[in-house]
Amino acid sequence: MRIYYEPNDPIYQALKGSNIELTVTILNNQLQSLTDAAAATDWVQKNVQAYVPDVKFKYIVVGNGVGPTSPISQYLLPAIQNIHSAIVAANLQGQIKVSTAIDTTLVDNAFPPSAGKYSDAAKSFITPVIDFLASKGAPLLVNVYPYFSYIDNPADIPLAYALFTSDEITTPDGVKYQNLFDALLDAQYSALEKANASNMGIVVSESGWPSEGGDAATPQNAQTFYQNLINHVTGTTGTPKRPGKAIETYLYAMFDENMNGGGDEVEKHFGIFSPKILPCAKCMDAPIIWAIG
C-alpha cells in the first residue's frame with residue numbers, strides 16, 4: 001500500500017498489526033524543509049519510528065515526479081540524504097529503503113527500449129540521485145503509464161498493445177514485446193545502464209488506466225488493463241531486459257479523486273472504486289489489492 005498525503009495517526013492505527021507493507025510518500029512541498037537534517041530526523045521520529053514495529057514500513061518515497069526544471073529539484077537529493085540518515089539513526093535501514101519516484105519523461109529515445117537514456121536536461125539532475133540510491137542498495141521508483149503514452153501517440157501505438165491484448169511486436173533491434181508496459185519499463189532499465197547503474201532495481205510506483213474523462217477512458221478498458229497488469233506483474237515472465245521474475249507494482253489508485261481540482265478531467269478517474277459507492281460492510285473483510293509484487 002502506498003499513501004501520498006501527510007501521514008496521520010488514523011491511517012497508521014488502521015494498519016497496525018495488519019502486516020501490510022506500507023510505502024509513505026513525502027510530498028513535494030515538504031522537500032525544502034527536509035534539507036535541514038534536524039527537520040528530517042523529526043519527521044522520521046514522528047511519522048515512522050513512533051509506529052514501528054506495529055506498522056510495517058517498506059519505502060519512504062521522497063518527492064513524487066520531481067523533474068529537472070522544477071524549482072524544487074535542488075532540494076530533492078539533500079532531502080533524500082537527510083531522510084536516509086534519519087532512518088539509519090533509528091536503526092531501520094535494514095527494513096526501510098529511502099528513494100524517490102520519477103516519471104517516464106526523464107528518459108528519451110525510448111523506442112526501441114534498448115536506446116532509452118536520460119535526456120540531456122535530466123541527466124545532471126537524476127545522476128547524483130541514482131548514484132546515492134545505488135550506494136545504499138535502494139531501488140528507483142518509476143511511475144509507468146501506458147495510457148498517457150498511448151494518448152500521446154495513438155497513430156503509432158495500437159490500443160491493444162497498451163492493454164496487454166496485442167500480438168508481439170518486434171522492435172528494430174530484434175527484441176519482441178507483447179505490451180507497452182514492458183517497453184516503457186525496459187527503456188528505464190536501459191537509461192539506468194547508461195548511467196552506470198545496471199544493477200539497480202525498479203519498483204513501478206504507479207500504473208493505472210482511467211475509466212472516464214478522456215479518449216479510450218472507459219470502464220471496460222480500465223478493467224482490461226488492471227486485470228492484465230495484475231496477471232503480468234505477479235507472474236514470472238518479467239520483461240525482455242529483466243526476465244523471469246515478478247515486477248513490484250503499485251496500482252494507481254484505490255479511489256477516483258472526485259475532489260481533484262488540478263489537471264484534466266481524466267485525472268479524476270484512475271480509481272478502482274468510486275468514492276460515491278463504498279463497499280458494503282460485509283465486503284470489507286475481502287482483500288483489496290493496493291500494491292502488486
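So, phenylalanine 164: in this predicted model, you'll find that residue in the loop between α6, residues 159-162, and β8, residues 169-170. What is the phi of phenylalanine 164? It is near 70 degrees, a positive value, and this in a residue other than glycine. Now, is phenylalanine 164 buried or exposed? Its relative accessible area is 8%, and because buried means under 20%, phenylalanine 164 counts as buried.

Let's hop over to asparagine 91, where phi is positive too, near 60 degrees, again in a residue other than glycine. If you're following along on the screen, look in the loop between α3, which covers 73-89, and β4, which covers 97-103. How does asparagine 91 sit, buried or exposed? Here the relative accessible area is 61%, and the cut-off for exposed is over 50%, so asparagine 91 is exposed. So there you have two positive phi values, with phenylalanine 164 buried and asparagine 91 exposed.

Okay, on to the peptide bonds. Which residues does the cis bond at proline 53 join? Valine 52 and proline 53, with omega at about 5 degrees. Proline 53 itself belongs to the loop that runs between α2, residues 37-47, and β3, residues 56-64.

And then please scroll along to proline 112. The peptide bond leading into it from phenylalanine 111 is cis, and omega there is near -5 degrees. As for where that is, proline 112 is in the loop between β5, at 107-108, and β6, at 117-118.

That's my tour, thanks for listening!

Definitions and conventions: Residues numbered from 1 in each chain as written. Predicted model: local features only at pLDDT ≥ 70, side-chain atom pairs only at ≥ 80, totals over all residues. Heavy atoms only, no water. Helix = DSSP H or I, 4+ residues; strand = E, 2+ residues; numbered from the N terminus. Buried < 20%, exposed > 50% of the residue type's maximum accessible area, 1.4 Å probe, protein only.
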